[in-house]
Amino acid sequence: MAWKMTQLLLLALVTAAGSAQPRSVRARTGLLNVCMDAKHHKAHPGPEDNLYGQCSPWRKNACCTANTSQELHKDTSRLYNFNWEHCGRMEPACKRHFIQDNCL
């Protein structure tokens, strides 16, 4: 009985996997044109020629403004009244990572 149940479950799994529709390129890249719903980000991404520092890789399709990118690089930013070193000295590589994360 267990063997028969296993075969039925395997058949159902194979059938479900075979009928799944492949995602189109447009569906896979659609999320690249969405900004997070945040206080200091734009509603829709667009070009920002003057992005600062770690944010510059996104200048062709950015969700933040030049002003926001500059504020993110300050140790104490007025954006969220946040200090990067609130838990102690942050390593430069770690700080770069978090700044890029906020830029995106």
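**Rings and charges in a predicted model**

Phe82 is partly exposed, with 35% relative accessible area. This value, like the others here, comes from a predicted model. Trp84 is buried, at 6% relative accessibility.

These two residues belong together. The structure holds one aromatic pair. Phe82 and Trp84 form that pair, with ring centres 5.2 Å apart. Their planes stand at 90°, so the contact counts as edge-to-face, a label for angles over 60 degrees. The pair therefore joins a partly exposed ring, that of Phe82, to a buried residue, Trp84.

Now turn to the charged side chains. The count comes to five salt bridges. One of them links Lys42 and Glu48, with N and O 3.1 Å apart. Both Lys42 and Glu48 are buried.

Next comes Glu71. Its side chain forms a salt bridge with Lys74, where the closest N and O atoms are 2.7 Å apart. Are these partners buried or exposed? Glu71 has 5% relative accessibility, so Glu71 counts as buried, the limit being under 20%. Lys74 has a relative accessible area of 41%, which makes Lys74 partly exposed.

Which residues are linked in a network of salt bridges? They are Glu71, Lys74 and Arg78. The bridge between Glu71 and Lys74 has already been met above.

A further salt bridge joins Glu91 and Arg89. Here the N to O distance is 3.5 Å, and a salt bridge needs a distance within 4 Å, so the contact qualifies. Arg89 is exposed, with a relative accessible area of 60%.

Terms used
Residues are numbered from 1 along each chain as its sequence is written. This is a predicted model: local features need pLDDT of at least 70, side-chain atom pairs count only at pLDDT 80 or more; totals for chains, interfaces and linings use all residues. Side-chain values use heavy atoms; hydrogens and water are left out. Rings of Phe, Tyr and Trp (its six-membered ring) pair if their centres lie within 6.5 Å; planes under 30 degrees apart count as stacked, over 60 as edge-to-face and the rest as tilted. Buried means under 20% relative accessible area, exposed over 50%, partly exposed in between (1.4 Å probe, protein chains only).
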